[in-house]
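Trainee: I'd like to learn how to read pockets and a helix in a model. Can we go through one together?

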Amino acid sequence: MQIPSWPQSGEREAELLRMVLESPQWGGFHPFVAEFERSFAEYQHSPFGISAFNGTVTLELALSVLGIGVGDEVIVPAISFISTATAVVRAGALPVFVDIEERSFNIDPERVREAITPRTRAIIVVHFGGAMANVGALCQMCVENGLYLIEDAAHAHGAEWNYRRAGSFGIAGSFSFQNGKVLSSGEGGMLVTSDEVFAEKARSIANCGRTPGRGFYQHDRLGTNFRLTALQAAVLLAQFERLNEQIETRTANAHLLRGLLSDTEEVAWQAEPGEITRNSFYLLLGRLSRGTRARDEFCSRLAAAGVPCTPFYPHTLYQNPVFREASCRISPCPVSEACIRDAFWLPHRVLLADEQTIYEIATLIRAIFGAHPMMVR
Ligand SMILES: Cc1ncc(COP(=O)(O)O)c(C=O)c1O
């Protein structure tokens with residue numbers, strides 16, 4: 001099957017990279033870095049963007065700006081990439097793992113409410129796979145309880161809830177531009193925020209404690225160096241020009257594929273409540289009703305036919321060996337544990353395939369389930 005490779009690059013990346021290579025500044029002070037920060041933050045409906053070298057340090061940076069540390073608790077979903085939780089531990093705070101919803105793969109606001117204690121300082125919400133979590137309920141809960149909402153939007157470039165983009169709901173939104181992400185420079189990350197004081201502090205910490213307008217060797221606070229390079233910014237600016245079109249292609253193909261499989265009862269696709277006005281479709285997620293062995297076989301048969309398919313994470317976050325040592329609190333997570341056994345995802349590059357390939361994938365999936373062949377155009 002003709003599944004596009006990822007990441008993709010073209011003459012535009014080469015052109016912008018050449019401009020950097022021919023300049024005397026390859027590091028974070030090249031104007032491309034500030035240009036990308038401005039454009040991407042604006043794209044995510046946020047006035048400020050602070051880039052960094054990956055989407056793990058951006059989470060750590062957000063917690064550090066907020067002064068979250070020893071004695072504090074931060075609520076996180078039980079299903080995510082490890083950085084969502086390790087950032088909390090590295091800040092010195094206690095991660096509190098909470099279950100996800102049955103169909104959305106996103107943190108369950110009701111379970112969050114039950115997990116709040118007087119020590120809770122923040123909630124980190126992950127917009128899993130690119131379908132935004134219920135930020136309406138979570139924002140309200142944060143206001144009622146005096147908590148910060150941090151959006152881990154590593155999957156959610158361009159995603160929307162009621163026409164407002166990921167990253168613009170919390171005190172900060174954290175993005176990743178790692179190799180597999182829908183906007184990529186191999187490695188890279190950014191915090192976006194609407195809070196000017198937060199933005200200034202984050203920028204200063206990420207830039208060795210400097211303050212704009214003051215000397216290069218003037219370090220006003222304890223900082224570090226998280227700066228993105230100009231080479232990464234050049235690649236990101238070029239990739240960014242294709243992002244909207246790619247989201248449209250993925251959206252059309254996701255709807256086509258799910259539509260072609262709408263009568264196959266074995267798969268429950270990720271739910272998209274009406275408030276989701278745009279899904280980035282970083283992952284096409286589903287759960288299979290026939291158990292783990294059938295799920296694993298489903299993924300193997302797709303992979304054997306050339307369609308990449310991942311049998312979900314092998315553990316919930318708290319089942320990772322790191323949390324045998326690191327302190328944490330775990331609330332009951334039956335849905336997360338069930339997803340480990342029955343969920344799967346197709347990566348976004350599958351959804352960039354041409355329409356004919358999407359029909360072939362649907363035909364293959366129907367054959368795996370022994371369903372009636374579909375009407376082929
Ligand atoms: C949900 C989530 N958060 C954070 C990260 C960390 O980003 P990075 O790999 O850029 O450090 C990732 C993925 O890589 C992720 O999927």
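Trainee: How much space lies in the largest pocket?

Mentor: Keep in mind that this is a predicted model. For a pocket, start with the volume, then turn to the lining. Here the largest pocket holds about 490 Å³ of space. Its lining is made up of 24 residues, with G28, A34, E37, R203 and N207 lying nearest the centre. Elements giving two or more residues to that lining are α2 (31-43), β1 and α7.

Trainee: Which element gives the largest share of the lining of the largest pocket?

Mentor: That's α2, with five residues. Sorted by class, the lining has 10 nonpolar, eight polar and six charged residues.

Trainee: What about the second largest pocket: which residues are closest to its centre?

Mentor: Same routine. This pocket has about 350 Å³ of space. It is lined by 20 residues, and F81, A154, S176, Q178 and K181 sit closest to the centre. Check the domains too: domain 1 (11-238) and domain 2 (243-369) each supply at least three residues to this lining.

Trainee: Back to α7. Which of its residues are buried?

Mentor: With a helix, look at burial, then at what does the covering, then at the ends. In α7 (residues 196-206), the buried ones are F198, A199, A202, S204, I205 and A206. Their cover includes β1 (48-52), α3 (57-65), β8 (172-176) and β9 (189-193).

Trainee: And what is found at the start of α7?

Mentor: A side-chain oxygen of D195 comes to within 3.0 Å of the backbone nitrogen of V197. Just after the helix, C208 adopts a positive phi of about 60°.

Technical notes:
Residues are numbered from 1 along each chain as its sequence is written. This is a predicted model: local features need pLDDT of at least 70, side-chain atom pairs count only at pLDDT 80 or more; totals for chains, interfaces and linings use all residues. Side-chain values use heavy atoms; hydrogens and water are left out. Buried means under 20% relative accessible area, exposed over 50%, partly exposed in between (1.4 Å probe, protein chains only). Helices (H or I, at least four residues) and strands (E, at least two) are DSSP runs, numbered from the N terminus. Contact means heavy atoms within 4.5 Å. A polar contact is a pair of N or O atoms within 3.5 Å; within protein, one must be able to donate a hydrogen and the other to accept it, and residues adjacent in sequence count only if both atoms are side-chain atoms. On a 1 Å grid over the protein atoms alone, a cavity is a set of points where a 1.4 Å probe fits but cannot get out, and a pocket is an open set with protein on both sides within 12 Å along at least five of seven lines; lining residues have an atom within 4 Å of a point. Grid points are joined across faces, edges and corners, and a volume is the space filled by probe spheres set on the points. Ala, Val, Leu, Ile, Met, Phe, Trp, Tyr, Cys and Pro count as nonpolar, Asp, Glu, Lys and Arg as charged, and the others, Gly among them, as polar. Domain bounds come from an automatic or database domain assignment.
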